[in-house]
Amino acid sequence: MEFKGQVVMVTGGARGIGKAIAEQFAKKGADLAIADISLDVAGETARELASNGVKTLAVQLDVSKSDGVARAFEDVIKEFGRLDVLINNAGITKDGLLLRMKEEDWDAVININLKGVFLCSKEAVRLMVKQKTGRIINISSVVAFMGNPGQANYSASKAGIIGITKTIAREYASRGVTVNAVAPGFIATAMTDALAENVRQEMLKSIPAGKFGSVDDVAAAVVFLASPAAGYITGQVIHVNGGMYM
Ligand code: NAP
C-alpha cells in the first residue's frame, strides 16, 4: 500500500498502457482519476479498478483542449482535494510517409501528444507547487530517439515530450516537483495490434530481447518514478524497450 492516501491521474487511462498504469497504482493503494476522451470507457475502467478498495473517478478529457483540461482538473480536486501524480499518457498515431502526410494529421498528433502534455502539466504543476510536492511522468516513445518511417508527426511529438520534460523538471525541482519520462519500445496494445503483420515481424527482429514488451513492463517503470525511491530523480528518461534502443 505504498501509495495509500495519494491521488494519481492518468490521461488516456481507460485502456492500453494507461489502464495498466492505473491498475498497478490501484493495487498499491492509490486513489485514481481515469481521464479519457470517452467517459463511458473511462467509467468502466474506474469501476473495475475500484474493486481494489480504492476511490476512483472517471473524467471526460480531451487533452488537446485547454477549457476541458481545466475543467477535468477542477473535477479531480473537487473529488479528492489534491493531486500527487500525473501520468501524461494519452496519445494517438496518424501515420504516413512525409510526402503523403496531411497537415491535419500532423496537427492532430502534435495537439494531442505534445500540446496535451503542456496543458495538463500546467494544471498539475499549479496544484503541486502549492502542495510543495508532486510527480509528473510523461509517456514518450523509442521513436523519439530512433525515428521511424511513416511517423514524422508521432516521433516529433514524442521527441518534444523529452524537451518539455527536462524543462519543467528544471523549472520546478526546487518546489518539490519531479518530472520524468518513460520511453516504451514496441508494446503489445491496440495501437500496435493495428500494424500489418510483416511490420510487426520486422520490428521483432530489431529487439534484442526477442519479444514485444507488455503494458505491465511500462507500468512498472512509471510506478517506480512515482515512488519515494525515485525522489531525487528528475528530468530523466527510462527506456523500456528490450534493448531495441540503447
Ligand atoms: P491506446 O491503447 O490507443 O490508448 C490510448 C488512450 O488514450 C485511449 O483510451 C484513447 O481513447 C485515449 N485518447 C486518445 N485521444 C485522447 C485525447 N485527445 N484525450 C484524452 N485521451 C485520449 O494506446 P497505448 O498503446 O496504450 O499508448 C499509450 C501511450 O503510450 C501513448 O502516448 C503512446 O504514444 C505511448 N506508446 C505506446 C507504445 C506501444 O507500443 N503501444 C509504444 C511507445 C509509446 P480512444 O481509444 O477512445 O481514442
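Trainee: Which residues come nearest to the ligand?

Mentor: Keep in mind that this is a predicted model. The ligand has 26 residues around it. From that group, the ones that come nearest are R15, I17, N89, Y154 and T189.

Trainee: How far does a polar side-chain atom of R15 lie from an oxygen atom of the ligand?

Mentor: R15 belongs to the nearest residues around the ligand. Here the pair to look at is a polar atom in the R15 side chain and a ligand oxygen. The gap between them is 2.6 Å.

Trainee: Which residue has a side-chain N or O atom 2.8 Å from an oxygen atom of the ligand?

Mentor: Don't pick L61, where a backbone N or O atom lies 3.2 Å from a ligand nitrogen. You want a side-chain atom and a ligand oxygen, 2.8 Å apart. That residue is T189.

Trainee: How much of the ligand's accessible area does the protein cover?

Mentor: Start with the ligand on its own, which has 890 Å² of accessible area. Then bring in the protein and ask what share gets covered. The share is 89%.

Trainee: Which helices each supply at least two residues of the shell around the ligand?

Mentor: By class, that shell holds 13 nonpolar, nine polar and four charged residues. Now sort out the helices that give at least two residues each. They are α1 (16-27), α6 (152-172) and α7 (190-193).

Trainee: Where does the ligand sit, and what is the volume of that place?

Mentor: The ligand sits in the largest pocket. The lining there takes in 44 residues, with G91, I92, T93, Y154 and M191 nearest the pocket's centre. As for the volume of this largest pocket, it's about 1,100 Å³.

Trainee: How many charged residues are in the lining of the largest pocket?

Mentor: Elements giving at least two residues each to this lining include α1, β2 (31-36) and α8 (197-205). Sorted by class, the lining has 24 nonpolar and 15 polar residues. The charged ones number five.

Trainee: Which element gives the most to the lining of the second largest pocket?

Mentor: This pocket holds about 160 Å³ of space. F118, S121, K122, V125, R126, V129, I164, I168, E171 and Y172 line it. Two elements, α4 and α6, give two or more residues to that lining. With six residues, the one that gives the most is α4.

Trainee: How many polar residues does the lining of the second largest pocket have?

Mentor: Split this lining by class. Six residues are nonpolar and three are charged. The polar count is one.

Trainee: How many cavities of 30 Å³ or more turn up in the whole structure?

Mentor: The largest cavity has about 30 Å³ of space. A search of the whole structure used 30 Å³ or more as its limit. The number found is one.

Trainee: Which helix gives the most to the lining of the largest cavity?

Mentor: Residues lining this cavity include T11, V63, N89, I112 and C120. The lining divides into five nonpolar, four polar and no charged residues. The biggest giver, with four residues, is helix α4 (residues 103-131).

Conventions:
Residues are numbered from 1 along each chain as its sequence is written. This is a predicted model: local features need pLDDT of at least 70, side-chain atom pairs count only at pLDDT 80 or more; totals for chains, interfaces and linings use all residues. Side-chain values use heavy atoms; hydrogens and water are left out. On a 1 Å grid over the protein atoms alone, a cavity is a set of points where a 1.4 Å probe fits but cannot get out, and a pocket is an open set with protein on both sides within 12 Å along at least five of seven lines; lining residues have an atom within 4 Å of a point. Grid points are joined across faces, edges and corners, and a volume is the space filled by probe spheres set on the points. Ala, Val, Leu, Ile, Met, Phe, Trp, Tyr, Cys and Pro count as nonpolar, Asp, Glu, Lys and Arg as charged, and the others, Gly among them, as polar. A residue is near a molecule or strand if one of its heavy atoms lies within 4 Å of it. A polar contact is a pair of N or O atoms within 3.5 Å; within protein, one must be able to donate a hydrogen and the other to accept it, and residues adjacent in sequence count only if both atoms are side-chain atoms. Accessible areas come from the Shrake-Rupley method with a 1.4 Å probe; for residues, only the protein chains shown count as cover. A molecule sits in a cavity or pocket if more than half of its atoms lie within 2 Å of its grid points.
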